[in-house]
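Colleague: I am new to reading models like this one. Could we go through some of the labels together and see where they come from?

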Amino acid sequence: MAGSTTNISIRMDSDLKAQADRLFGELGMNLTTAFNIFVRQSLREGRIPFEVSLNQPTSETAAAMLEAERIAKDSAVKGYTDLDELFAELKA
């Protein structure tokens with residue numbers, strides 16, 4: 001590293017830290033290196049280097065959305081424009 005270094009203390013859920021340690025270990029680095037990469041990329045871009053959003057669906061929701069798209073495009077799947085017809089078939 002260029003120049004002097006300093007220590008930073010970060011509080012993190014212990015399970016989250018263990019998961020991060022495993023992931024970064026598989027990538028050949030430790031948490032300190034990963035954090036330094038994050039900070040350097042943030043400085044390079046002048047922002048957090050990824051989107052931070054509350055609008056991201058969970059993996060389960062994303063899978064359901066993909067399935068809904070597939071079903072909507074499948075000509076073998078019957079569609080309904082009338083709720084009464086749909087409910088009548090559901091009751092049958």
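Modeller: Gladly; this is a predicted model, and we can take its labels one at a time.

Colleague: Let's start with I10. Why is I10 called exposed?

Modeller: The relative accessible area of I10 is 53%. The label exposed asks for over 50%, so I10 earns the label. In the chain, I10 sits in the segment before α1 (14-26).

Colleague: What does I10 form on the surface together with other residues?

Modeller: I10 belongs to a nonpolar patch on the surface, and its other members include I8, M12, L16, F35 and F50. Together the patch residues have about 1,000 Å² of accessible area. To join a patch, a residue needs over 30% relative accessible area, and I10 has 53%.

Colleague: Which helix gives the most to the nonpolar patch?

Modeller: That is helix α2 (residues 31-45), with four residues.

Colleague: Now S42, which lies in helix α2 as well. Is S42 buried or exposed?

Modeller: S42 has a relative accessibility of 14%. Buried means under 20%, so S42 counts as buried.

Colleague: Which residues is S42 in contact with, leaving aside its neighbours within four places in sequence?

Modeller: They are R47, I48 and P49. The word contact is used for heavy atoms within 4.5 Å.

Colleague: R47 turns up there. What makes E45 and R47 a salt bridge?

Modeller: Their closest N and O atoms are 3.0 Å apart. The limit is 4 Å, so the pair qualifies. As for the surface, E45 has 32% relative accessibility and R47 has 47%. Partly exposed covers the range between 20% and 50%, so E45 is partly exposed, and R47 is partly exposed too.

Colleague: How many salt bridges does a search of the whole structure find?

Modeller: It finds five. One of the pairs is K17 with D21, where the closest N and O atoms are 2.6 Å apart.

Colleague: Where do K17 and D21 lie?

Modeller: Both are in helix α1, four residues apart, which is about one turn of the helix. An α-helix has 3.6 residues a turn, so residues three or four places apart point the same way. K17, at 38% relative accessibility, is partly exposed, and D21 is also partly exposed at 33%.

Colleague: How do you know that the length of α1 agrees with what a helix should span?

Modeller: At 1.5 Å a residue, the 13 residues of α1 should span 18 Å. The end C-alpha atoms of α1 are 18 Å apart, so the two values agree.

Colleague: What makes D13 a cap for the N-terminal end of α1?

Modeller: A side-chain oxygen of D13 lies 3.0 Å from the backbone nitrogen of D15. A polar contact needs the two atoms within 3.5 Å, and this distance satisfies that limit. Just after α1, G28 takes a positive phi of about 80°.

Colleague: Which parts of the chain does the salt bridge between K78 and E89 link?

Modeller: For K78 and E89, the closest N and O atoms are 2.7 Å apart. The pair links distant parts of the chain: K78 is in the loop between α3 (59-73) and α4 (83-91), while E89 is in helix α4, 11 residues apart. K78 is partly exposed at 47% relative accessibility, and E89 is partly exposed at 38%.

Colleague: Which residues are linked with K78 in a network of salt bridges?

Modeller: E85 and E89 are linked with K78 in that network.

Colleague: One last stop, in helix α3, where E67 is found. Why is E67 called partly exposed?

Modeller: E67 has a relative accessible area of 43%. That value falls between 20% and 50%, so E67 is partly exposed. A68, which is also in helix α3, counts as partly exposed at 43% as well.

Colleague: How far apart in space are A68 and L16?

Modeller: They are 32 Å apart, C-alpha to C-alpha, and 52 residues apart in sequence. For E67 and T81, 14 residues apart along the chain, the C-alpha atoms are separated by 20 Å.

Notes. Residues are numbered from 1 along each chain as its sequence is written. This is a predicted model: local features need pLDDT of at least 70, side-chain atom pairs count only at pLDDT 80 or more; totals for chains, interfaces and linings use all residues. Side-chain values use heavy atoms; hydrogens and water are left out. Patches are made of residues with over 30% relative accessible area and no salt bridge: like charges are joined within 9 Å, nonpolar side chains (Val, Leu, Ile, Met, Phe, Trp, Tyr) within 5 Å. Accessible areas come from the Shrake-Rupley method with a 1.4 Å probe; for residues, only the protein chains shown count as cover. A salt bridge is a side-chain nitrogen of Lys or Arg within 4 Å of a carboxyl oxygen of Asp or Glu. Helices (H or I, at least four residues) and strands (E, at least two) are DSSP runs, numbered from the N terminus. Buried means under 20% relative accessible area, exposed over 50%, partly exposed in between (1.4 Å probe, protein chains only). The expected span of a helix is 1.5 Å times one less than its number of residues. A polar contact is a pair of N or O atoms within 3.5 Å; within protein, one must be able to donate a hydrogen and the other to accept it, and residues adjacent in sequence count only if both atoms are side-chain atoms.
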